[in-house]
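Here are a few exercises to work through with the model open beside you. Try each one yourself before you read the solution.

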Amino acid sequence: MLNPALSEKQVNQFESQAGIILPSGYKDFLLHIGNGAAGTKPFPLSLTNANDCLESCMPGETDYNYRSLPFSLDNCNKCFDNTLDAIDDDVTDEEYERLVLKALQGTVTLYHDGCGYYKVLIVSGEHAGKIFYIDTCSGQGAYEISPSFEEHYLEWLDRKIVEQSAYLEQNDKFECSITNIKLGGNVRDLEVIHAHTDYRFQFEFFCPNDFAREGGYSELTQINDNLIISLYMKHVNYSPLAVEKIEGTKQSNSNEPVKLIGERSEHVVIGQVTRLFQFNNGEKNFPLYVEALQQEILIREAPVAAVSVGDVFRITGRLCGTVYSITR
């Protein structure tokens, strides 16, 4: 869902205040399609959220002037790749603030991916009109991801259509209710009971726009809430999947086909592949039927060479869930 489009006067006011001319594709999007996605997280951000998003992370007092100064890839990488680590002890706070401001000049934020990762539109300098991805915290620096806003947006839209089609085919949704909650920022671990099998398990739920500290309270997720969910495991750098194929055509006789192995939602899951479908450009994704749940768990980006119907796997990793609805 998009915010209403901006008027020519509103866009001109922003350009005048920032001392820039927005790239034509992005400007047309703001004028004729919408002022970014509704909410503070989705791509692309509205102009207001674009300002708040990046500037709230910038040190010291910041005004619009930094946008009119030319973007320098060298300056950006000097600040945000591993180069600065070698001299970090010799850099004063004031010098670091200047480095950050120079690194981000000539940019408009299109998306904040969390943990200091940004998509930015370059509006000044030789790279004007291009989109770069900037890692401000993990030493990966900046790199170009698209030559224009319109090309990137259309690619993103195509990908979302493919993903949505795949979601409609993926593992079935099912009902459960919350028995306990472990809060931690906008991620929480939900302990639940399956509505039809009385099977209890735990999964991780990313809950955007609902930040709640450990030991606190969440209005959105509460004990005894009824959920419609689907479960998945995804290979990510902080929680890789360990996949072991079990020979034979039947599931293991293990008494714990969904076994919690850590304080967070890390599990050992044993199940059988009963069907296949294409998901997200051919990556290895497949639904795994888990007998104890009488449901499928979607395995995403699995590090396996091939998957066939009938294969049985033991998979260790982070168990997550997509929550489609919450009622009480």
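Helices (H or I, at least four residues) and strands (E, at least two) are taken here as DSSP runs, numbered from the N terminus. By that scheme Leu-157 lies in helix α7. Before you start, note that this is a predicted model: local features need pLDDT of at least 70, side-chain atom pairs count only at pLDDT 80 or more, and totals for chains, interfaces and linings use all residues. Residues are numbered from 1 along each chain as its sequence is written, and side-chain values use heavy atoms, with hydrogens and water left out.

**Exercise 1. Surface patches**

Work out which residues form the negative surface patch, and which helix gives the most to it.

Step 1. Get the rules straight. Patches are made of residues with over 30% relative accessible area and no salt bridge; like charges are joined within 9 Å, and nonpolar side chains (Val, Leu, Ile, Met, Phe, Trp, Tyr) within 5 Å. Asp and Glu count as negative and Lys and Arg as positive, while His and the chain ends are not counted. The charge is placed at NZ of Lys, CZ of Arg, CG of Asp or CD of Glu. Areas come from the Shrake-Rupley method with a 1.4 Å probe, and for residues only the protein chains shown count as cover.

Step 2. Pick out the members: Asp-28, Glu-150, Glu-151, Glu-155 and Asp-158 make up the negative patch.

Step 3. Find the main contributor. Helix α7 (residues 149-169) gives the most, with four residues. Asp-158 is found in that helix.

Step 4. Now look for a nonpolar patch. Leu-154, Leu-157 and Ile-161 form one on the surface, with about 270 Å² of accessible area together. Leu-157 is partly exposed, at 31% relative accessible area. (Buried means under 20%, exposed over 50%, and partly exposed in between, with a 1.4 Å probe and protein chains only.)

**Exercise 2. Cysteines**

How many disulfides does a search of the whole structure find?

Step 1. Recall the chemistry: a disulfide is a covalent bond between the sulfur atoms of two cysteines. The cut-off used is a pair of cysteine sulfur atoms within 2.5 Å.

Step 2. Run the search, and you get zero disulfides.

Step 3. Check Cys-76. The closest cysteine sulfur belongs to Cys-79 and is 7.3 Å away, too far for a bond.

Step 4. Add the surroundings. Cys-76 is buried, at a relative accessible area of 0%. Cys-176 counts as buried too, at 2%.

**Exercise 3. Salt bridges**

Find which parts of the chain are tied together by the pair Lys-130 and Glu-144, then move on to Asp-189.

Step 1. Set the cut-off: a salt bridge is a side-chain nitrogen of Lys or Arg within 4 Å of a carboxyl oxygen of Asp or Glu. A search of the whole structure finds 12 of them.

Step 2. Take Lys-130 and Glu-144, whose closest N and O atoms are 3.7 Å apart. Lys-130 sits in the loop between β2 (117-122) and β3 (131-135) and Glu-144 in strand β4 (residues 141-146), so the bridge ties together parts that are 14 residues apart in sequence. Lys-130 is partly exposed at 24%, and Glu-144 is partly exposed at 37%.

Step 3. Go to Asp-189, which meets Arg-264 in a salt bridge of 2.8 Å, N to O. Asp-189 lies in strand β6 (residues 187-194) and Arg-264 in the loop between β10 (258-260) and β11 (266-273), so this pair ties together parts that are 75 residues apart in sequence. Asp-189 is buried at 0%, whereas Arg-264 is partly exposed at 31%.

Step 4. Widen the view: Asp-189, Glu-204, Arg-264, Glu-266 and Arg-318 are linked in a network of salt bridges.

**Exercise 4. Backbone**

Locate Asp-198 and Asn-224, and say what is unusual about phi there.

Step 1. Start from the background: most residues other than glycine have a negative phi.

Step 2. Look at Asp-198, which has a positive phi of about 60° although it is not a glycine. Asp-198 lies in the loop between β6 and β7 (200-206) and counts as exposed at 58%.

Step 3. Turn to Asn-224, with a positive phi of about 80°, again in a residue that is not a glycine. Asn-224 lies in the loop between β7 and β8 (226-234) and is exposed at 59%.
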